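Visitor: I am new to this structure and would be grateful for a close look at a single part of it. Please take one place and explain what surrounds it.

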Amino acid sequence: MSSNRVSHYAGLSCQCCTDMLSQPSSRRDFLRTAAGAGMAAFLAPQLSFAASGNYEAMVLSCIDPRFQKLVFDREAKEGRTDKYSAFTIAGASIGVVAPAFKAWQVAFWDNLAASLQLHNIKQVIVINHRDCGAAKIAYGAAAVATPAAETETHKNALLTFKKELAVRQPKLGSQLGLMALDGKVEMFS
Ligand SMILES: [Zn+2]
């Protein structure tokens, strides 16, 4: 590799680092502390953390842009504003249990364990939704071709999630919902 090429790459600025370095030192100190705390979480999980607290739940929902506000508003209506951690992944429970997305599973269960430890959550609130592209990718178009088939597909994924949860985090409860495009949620148990 020529030195020109090296200096070309070295001359590129990284937006996130540039922003960070331009912040006042207190912001940098905060980031450094936060990074250190994150590292400590992995190196010494038995330690207690400054960022801990008592929260009600983790909300697991889909990345679909149409449902971000609907899920937020629904949780507000349930009185959970500022009382839950959030994990957003394509398909919600489908992203955690479908064989097609197997590689994603570790990230979810590790994050759930972290939230349990840091936030002392009591349950996972799962909100799948209708017209979900991830459901089609995971199970094929026929699995969501009719409202009844779609309901069955999501119900199966939600109940599979509940079974997995009972094995991996038996202390945590769950609420399993399927949200329609108008924000109404059908619950399963
Ligand atoms: Zn979706």
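With which side chain does the side chain of Ser93 make a polar contact?

Guide: The model before you is predicted. In it, the side chain of Ser93 makes a polar contact with the side chain of Asn128, at 3.0 Å. The surroundings of these two residues may be described step by step, beginning with the serine.

Ser93 belongs to helix H5, which covers residues 93-97. The relative accessible area of Ser93 is 0%, and because buried means under 20%, Ser93 counts as buried. Setting aside neighbours within four places in sequence, Ser93 is in contact with Leu60, Val126, Asn128, Ala157, Leu158 and Phe161.

Ala92 lies in the loop between S2 and H5. Ala92 is buried as well, with a relative accessibility of 0%. If residues up to four places away in sequence are not counted, Ala92 touches Leu60, Ser61, Cys62, Ile127 and Asn128. Asn128 thus appears among the contacts of Ser93 and also among those of Ala92.

The partner in the polar contact leads to strand S3. This strand spans residues 123-129, and seven of its seven residues are buried, so S3 is largely enclosed by the rest of the structure. In a regular strand, side chains alternate between the two faces of the sheet. Both faces of S3 are covered: one side carries Gln123, Ile125, Ile127 and His129, while Val124, Val126 and Asn128 are on the other, and all of them are buried.

S3 has a strand paired with it on either side, as the order S2-S1-S3-S4-S5 of this open, five-stranded sheet with mixed pairing shows. The edge strands are S2 (84-88) and S5 (185-188), each of which pairs on one side only. On average, neighbouring strands of the sheet are turned by 25° against each other, direction ignored. Strand S1, residues 57-61, pairs with S3 in the parallel sense over five bridges. Within this pairing, Met58 stands opposite Val124, and the bridge partner of Val59 is Ile125. Strand S4, residues 173-179, also runs parallel to S3 and is joined to it by seven bridges; here Ile127 stands opposite Gly177 in S4. Helix H8 lies across S1, S3, S4 and S5, and runs at about 165° to S4.

The nonpolar residues of this region may be considered next. The largest nonpolar core has 31 residues, and Leu60, Phe108, Leu112, Val124 and Phe161 are those with the most contacts inside it. At least two residues of this core come from each of S1, H5, H6 (105-119), S3, H7 (133-139), H8 (147-168) and S4. The largest share, four residues, is supplied by H8. A second, separate core has seven residues, including Ala57, Val59, Phe67 and Val71.

Leu60 and Phe161, both named among the residues with the most contacts inside the largest core, are also contacts of Ser93. Apart from residues up to four places away in sequence, Leu60 touches Phe87, Ile89, Ala92, Ser93, Val96, Phe108, Val124, Ile125, Val126, Ile127 and Phe161. The serine and the alanine discussed above are therefore both on the list of residues that Leu60 touches, where contact is defined as heavy atoms within 4.5 Å.

The end of S3 leads to a metal site. The zinc ion is coordinated by Cys62 through SG, His129 through NE2 and Cys132 through SG, at 2.0 to 2.3 Å. The spacing of these donor residues in sequence is C-x66-H-x2-C. His129 is buried, at 2% relative accessibility, and Cys132 is buried at 5%. Cys62, another of the zinc donors, is touched by Ala92. Ala92 and Cys132 are 40 residues apart in sequence, and their C-alpha atoms are 9.5 Å apart in space.

Finally, this part may be placed within the whole. The protein chain has eight helices and five strands, which follow the pattern α-α-α-β-α-β-α-α-β-α-α-β-β along the sequence. Of its 189 residues, 34% count as buried. Among contacts in the chain with a separation of 6 or more, 73% join residues 24 or more positions apart. The polar contact in question, between the side chains of Ser93 and Asn128, links a residue of helix H5 with one on a covered face of S3.

Key. Residues are numbered from 1 along each chain as its sequence is written. This is a predicted model: local features need pLDDT of at least 70, side-chain atom pairs count only at pLDDT 80 or more; totals for chains, interfaces and linings use all residues. Side-chain values use heavy atoms; hydrogens and water are left out. Donors are N, O and S atoms within 2.8 Å of the metal (3.2 Å for Na, K and Ca); water is not among the atoms, so sites may look incomplete. Buried means under 20% relative accessible area, exposed over 50%, partly exposed in between (1.4 Å probe, protein chains only). Two strands pair if DSSP finds at least two bridges between them. A polar contact is a pair of N or O atoms within 3.5 Å; within protein, one must be able to donate a hydrogen and the other to accept it, and residues adjacent in sequence count only if both atoms are side-chain atoms. A nonpolar core is a set of buried Ala, Val, Leu, Ile, Met, Phe, Trp, Tyr and Cys residues joined through side-chain atoms within 4.5 Å. Axes are lines fitted to C-alpha atoms, for helices over the stretch in contact, and angles run from 0 to 180 degrees between N-to-C directions.
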